[in-house]
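Please prepare a careful account of the predicted fold shown below, moving from its sheet to the side chains packed around it.

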Amino acid sequence: MDPDSVKSTLSNLAFGNVMAAAARDYQKEVLAQEKVQASSSVNQDIDLDELMDDPELEKLHADRIAALKKEAEKRQSLKRQGHGEYREITEGDFLGEVTGSERVICHFYHREFYRCKIMDKHLKSLAPIHVDTKFLKLDAENAPFFVTKLGIKTLPCVIFFRNGIASDRLVGFQDLGGKDDFSTKALEGFLLKKGIIKENKKEEEDDDSYDDRNRTVRSSTNPDSDSD
């Protein structure tokens, strides 16, 4: 027999043995991984079953559901009282409205005053967010009795009522920087500081972006507004 042929045959056999051994090792490794995964799955199922049967977890879940239901019922009740929107009222409605809720914001305005319209825009944005507080507006010209009674001399004048009693007020824009371009966020911060609205941790709009969009619209409709 040719020595080279014998050598080649032996080499091939050796290579075949190595491949066979490698294949067996790979198969063992795959089987071991499958066993680990199966064991992990069983343990996970057991853990989940234990959690589902955990009385403390069930109580937490029930308490959370009850709290959400209570909050939803409260919001519905407040909305029936006129909360959640910025509404115009008459002088005849005034007493019933401001004494009917714990927190009330009432804007005394004049239809022709530009600054009153600015205040309107911001209060309208805040009313749906801060449902705990009632947001109202009253035409000062049509409410001479309460304008005199409350000592209102400058418009816009936003008066805060707590349990039917006038507790504080915002006159003009002095507390908001004294300029017309204050943001809804700035007004919201002032109202929070006065305690007439509660901090709302739910999703809120980016009021500054809202204001920027409105300024852009005003600029495009009044191209000469920024010129000297």
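Two strands count as paired if DSSP finds at least two bridges between them, and helices (H or I, at least four residues) and strands (E, at least two) are DSSP runs numbered from the N terminus. By that criterion, β2 and β4 run antiparallel and are joined by 6 bridges, with C106 standing opposite I159 in β4.

This is a predicted model, in which local features need pLDDT of at least 70, side-chain atom pairs count only at pLDDT 80 or more, and totals for chains, interfaces and linings use all residues. Residues are numbered from 1 along each chain as its sequence is written, and side-chain values use heavy atoms, with hydrogens and water left out.

**Overall fold**

The protein contains 7 helices and 5 strands, which follow one another along the sequence in the pattern α-α-β-α-β-α-β-α-β-β-α-α. Of its 228 residues, 29% are buried, where buried means under 20% relative accessible area, exposed means over 50%, and partly exposed lies in between (1.4 Å probe, protein chains only). The exposed surface amounts to about 15,500 Å², of which carbon and sulfur atoms supply 53%; accessible areas come from the Shrake-Rupley method with a 1.4 Å probe, and for residues only the protein chains shown count as cover. Among contacts (heavy atoms within 4.5 Å) with a separation of 6 or more, 68% involve residues 24 or more positions apart.

**The sheet**

Strands of a sheet pair through backbone hydrogen bonds, either parallel or antiparallel. In this model the 5 strands form an open sheet with mixed pairing, in the order β1-β3-β2-β4-β5. Because β1 (86-89) and β5 (165-171) stand at the edges with a single partner strand each, one side of each is left without a neighbour in the sheet. From one strand to the next, the twist averages 25°. The bridge counts listed for three of the strand pairs are as follows.

| Strand pair | Bridges | Direction |
|---|---|---|
| β1 and β3 | 4 bridges | parallel |
| β2 and β4 | 6 bridges | antiparallel |
| β4 and β5 | 6 bridges | antiparallel |

Within the first of these pairs, E88 stands opposite K137 in β3. Helix α4 (residues 114-126) packs on the sheet and touches β1, β2 (103-109), β3, β4 and β5, its direction making about 155° with that of β2; such axes are lines fitted to C-alpha atoms, for helices over the stretch in contact, and the angles run from 0 to 180 degrees between N-to-C directions.

**Strand β4 and its surroundings**

Strand β4 is mostly covered, since 5 of its 6 residues are buried. The loop between α5 (144-149) and β4 holds P156, and the peptide bond from L155 to P156 is cis, with omega near 0°. On the other side of the strand, β4 and β5 form a hairpin with 2 residues between them, and C157 stands opposite V171 in β5. N163, in the loop between these two strands, has a positive phi of about 55° although it is not a glycine, and at 57% relative accessibility N163 counts as exposed.

In strand β5 lies A166, which is partly exposed at 37% relative accessibility. Leaving aside neighbours within four places in sequence, A166 is in contact with L150, I159, F160 and F161. A166 and I105 are 61 residues apart in sequence, and their C-alpha atoms are 9.6 Å apart in space.

**Aromatic side chains**

The structure holds 6 aromatic pairs, a pair being rings of Phe, Tyr and Trp (its six-membered ring) whose centres lie within 6.5 Å, with planes under 30 degrees apart counted as stacked, over 60 as edge-to-face and the rest as tilted. One of them joins F94 and F161 edge-to-face, at 5.6 Å centre to centre and 75° between the planes. Because F94 lies in helix α3 (residues 94-99) and F161 in strand β4 (residues 157-162), this pair ties together parts that are 67 residues apart in sequence. F94 is buried, with a relative accessible area of 3%, and F161 is buried with a relative accessible area of 3%. F145 and F146 also form an edge-to-face pair, at 5.1 Å centre to centre and 80° between the planes, and F146 is buried with a relative accessible area of 10%. One aromatic cluster is formed by F94, F108, F145, F146 and F161.
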